[in-house]
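Q: Could you walk me through one small part of this protein up close, and then show me how it fits into what surrounds it? I'm in my first year, so plain language would help.

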Amino acid sequence: MFVLVEMTDTVRIPPWQFERQLNESIAEELNKKLANKVVYNVGLCICLYDITKLEDSYIFPGDGASHTKVHFRYVVFHPFLDEILIGEIKSCSQDGVHVSIGFFDDIIIPPESLQQPAKFDEAEQVWVWEYETEEGAHDLYMDIGEEIRFRVVDETFVDTSPTGPSSAEASTSSTTEEVQKKEAPYTLVVTMCIICRAVETVWFVLGLK
């Protein structure tokens, strides 16, 4: 789930921080820049692990700050494919079940990856697993806040870097709505393994508990 990623960056330290240890100032600046941010094709940055190398610092004309090239390792959230994780159902929609693991919410279970047969209850706005037994089907609701296990099957990175406005289409309302639409920079597509509560419910239905 978490990996160590080797990175390199040039860190600017303002003059009023020169009285501090260089390592402390650089660590603080790196965490300000990267913590809780998604790096494209890397993952969600969590915190600095260590600094492996500091190169020479330079002060450029017109800027009193020091600039140091830093080699470091960062803790990144980037689950591998087929990894099993535990989370909670955040919300449900026609698009599927949205899952949260506390610090990361952009997880989606598409309808075809739910336990089958499944249907969407429009009135309750939840997905329902129609569990088949010898006595007939039993509806097991995927309620908000329910703990589930899921398997990572795909991931999507979106480059959300700012882009310049288009010349002709910038004034149209459709383009404005498209620009204003916020996309998640990193999304996990997963398949449901099991609803933790569903195990006890099935045992009860089958008379095993």
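A: Let's start with V3. Setting aside the neighbours within four places in sequence, V3 is in contact with Y74, V75, V76 and H78. Keep in mind that this is a predicted model, so each number here is computed from that model.

Where does V3 sit? V3 is found in strand β1, and β1 covers residues 2-13. With a relative accessible area of 33%, V3 is partly exposed. Now look across to R73: V3 and R73 are 70 residues apart in sequence, yet the C-alpha to C-alpha gap in space is 9.7 Å.

The strand pairing gives you the setting for those contacts. β1 and β4 pair in the antiparallel sense, over 12 bridges. To see one of these pairings, find V11, whose bridge partner in β4 is T68.

So what's β4 like? Strand β4 spans residues 66-77, and 9 of its 12 residues are buried, so β4 is largely enclosed by the rest of the structure. On top of its pairing with β1, β4 is joined by 11 bridges to strand β3 (residues 43-59), and β3 and β4 run antiparallel. Two pairs to pick out here are I51 with its bridge partner F72 in β4, and D50 with its bridge partner R73 in β4. That's the R73 we compared with V3, at 9.7 Å between C-alphas.

While you're looking at these strands, one general idea is handy: in a regular strand, side chains alternate between the two faces of the sheet.

Next, follow the chain around the turns. The hairpin of β3 and β4 has 6 residues between the strands, and there G62 takes a positive phi near 85°. Going the other way, strand β2 (residues 38-39) is joined to β3 by 2 bridges, and that pair is antiparallel too. V38 has L44 as its bridge partner in β3. The hairpin of β2 and β3 has 3 residues between the strands, and N41 takes a positive phi near 65° there.

Back to the start of β1, where F2 has its place. F2 has 41% relative accessibility, so it counts as partly exposed. Together with M1 and F103, F2 makes a nonpolar surface patch of about 260 Å².

What about the cysteines? A search of the whole structure finds 0 disulfides. Take C45 as a case: the closest cysteine sulfur, in C47, is 9.9 Å from the sulfur of C45, which is too far for a bond, because the two sulfurs would have to be within 2.5 Å. C45 is buried, with a relative accessible area of 1%. C92 is buried as well, at 10%.

Finally, zoom out to the whole protein. There are 3 helices and 12 strands, and buried residues make up 35% of the 209 residues. Of the contacts with a separation of 6 or more, 66% come from residues 24 or more positions apart. The protein exposes about 12,800 Å², with carbon and sulfur atoms supplying 51% of that.

Notes:
Residues numbered from 1 in each chain as written. Predicted model: local features only at pLDDT ≥ 70, side-chain atom pairs only at ≥ 80, totals over all residues. Heavy atoms only, no water. Helix = DSSP H or I, 4+ residues; strand = E, 2+ residues; numbered from the N terminus. Buried < 20%, exposed > 50% of the residue type's maximum accessible area, 1.4 Å probe, protein only. Contact = heavy atoms within 4.5 Å. Areas by Shrake-Rupley, 256 points an atom, 1.4 Å probe, with all protein chains shown as cover. Patch = residues over 30% accessible without salt bridge, like charges linked within 9 Å, V, L, I, M, F, W, Y side chains within 5 Å. Salt bridge = Lys/Arg side-chain N within 4 Å of Asp/Glu carboxyl O. Pairing = 2+ DSSP bridges.
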